[in-house]
Amino acid sequence: MRSDVLPCYVVCDVSLSMADHIDELNTGLREFRGAVHADASVTDRILCSVVGFGESPHVVQSLLPMDDLAELPAPRACTGTDFGTAFTFLREVVDRDVSGLEQHRLRVHRPLVFFLSDGQPTDPVTWPAAFAALTDPAWARRPHVVAFGVGDADEDALGRIGTYRTYLGRDGVRLGTALIASVMHVLSTSRPPSDRTLSGKETSWKRTEGDHRGAL
């Protein structure tokens, strides 16, 4: 693995309203994985985690190389689609993951979050504060956020979330295309912190037994 890495987080609404879209989104993830593997210049620089949320968030796959990208779980009935809890959870996960990468003496680009939803939160009053904390300019690890809307997505809500870009599936944009375009743009335009001294040997970031997928 090279000395600079880009952590990516696919954060997907898996509430029941997403049932008609999960197969299409999983196809997009497979296309994303295939495109990354086809480009030797980025294959070992991209790490990806998958997070699902409804009324509460959970890790489907911990941050790992792209060769073993998990699929999104089937939607299930839940009491809400809380964007706020997902954003709060994501800040904790990003902070923990980046700390771990830095302890392995890797240089880490600002993370990239792909937020997938039909854009209809059940916590419309409270989620903006949680999102503001996730994207706080004073936090060096704040991620770029790409919003991807499916079905009858609430374009206004997703437009507020997509700090980097916002895509709508109904406009004919494929998820795989949006994912790889966003990743390539970040890698080509950003620089990881360079004030750390790297060891003479490149450090591997490998799966730890038991860390592959979170329990649902």
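I'm taking buried to mean under 20% relative accessible area. By that cut-off Cys48, at 0%, counts as buried. A reminder to myself before going on: this is a predicted model.

**Cysteines**

I went looking for disulfides, taking a pair of cysteine sulfurs within 2.5 Å as the test. The count comes to zero. Cys48 is in no disulfide, and the nearest cysteine sulfur, on Cys8, sits 5.7 Å away. I also checked Cys12, which is buried at 0% relative accessibility.

**His109**

Next I looked up His109. I found it in the loop between β4 (107-108) and β5 (112-117). Loop or not, His109 is buried, because its relative accessible area is 2% and the cut-off is under 20%. What does the side chain of His109 make a polar contact with? I get the side chain of Asp4, at 2.9 Å. Leaving out residues up to four places away in sequence, the residues His109 touches include Val5, Leu6, Pro7 and Arg45, and also Leu187, Ser190, Arg191 and Pro192.

**Helix α1**

Then I turned to α1, residues 22-37. The helix has 16 residues and reaches 23 Å from first C-alpha to last, close to the 22 Å expected. Its buried residues are Ile22, Leu25, Asn26, Gly28, Leu29, Phe32 and Val36. They cover an arc of only 155° around the axis, so they lie on the same side of α1. I noted the general reason too: an α-helix has 3.6 residues a turn, so residues three or four places apart point the same way. What covers the buried residues of α1? My list includes strands β1 (4-13), β2 (46-53), β5 and β6 (144-149), plus helix α5 (175-189).

**Aromatic pairs**

I get eleven aromatic pairs in the structure. One of them is Phe32 with Phe114, edge-to-face, 6.2 Å centre to centre with 65° between the planes. This pair links distant parts of the chain: Phe32 is in helix α1 and Phe114 in strand β5, 82 residues apart. Both rings belong to buried residues, Phe32 at 0% and Phe114 at 2%.

Phe83 and Phe87 also pair edge-to-face, at 6.3 Å between centres and 75° between planes. Here both partners lie in helix α2 (residues 83-103), four residues apart, about one turn of the helix. Phe83 is buried at 0% relative accessibility, and Phe87 is buried at 2%. Following the ring pairs further, I found a cluster linking Phe53, Phe83, Phe87, Phe115, Trp127 and Phe131.

Notes
Residues are numbered from 1 along each chain as its sequence is written. This is a predicted model: local features need pLDDT of at least 70, side-chain atom pairs count only at pLDDT 80 or more; totals for chains, interfaces and linings use all residues. Side-chain values use heavy atoms; hydrogens and water are left out. Buried means under 20% relative accessible area, exposed over 50%, partly exposed in between (1.4 Å probe, protein chains only). Helices (H or I, at least four residues) and strands (E, at least two) are DSSP runs, numbered from the N terminus. A polar contact is a pair of N or O atoms within 3.5 Å; within protein, one must be able to donate a hydrogen and the other to accept it, and residues adjacent in sequence count only if both atoms are side-chain atoms. Contact means heavy atoms within 4.5 Å. The expected span of a helix is 1.5 Å times one less than its number of residues. The arc is that of the directions from the helix axis to the C-beta atoms. Rings of Phe, Tyr and Trp (its six-membered ring) pair if their centres lie within 6.5 Å; planes under 30 degrees apart count as stacked, over 60 as edge-to-face and the rest as tilted.
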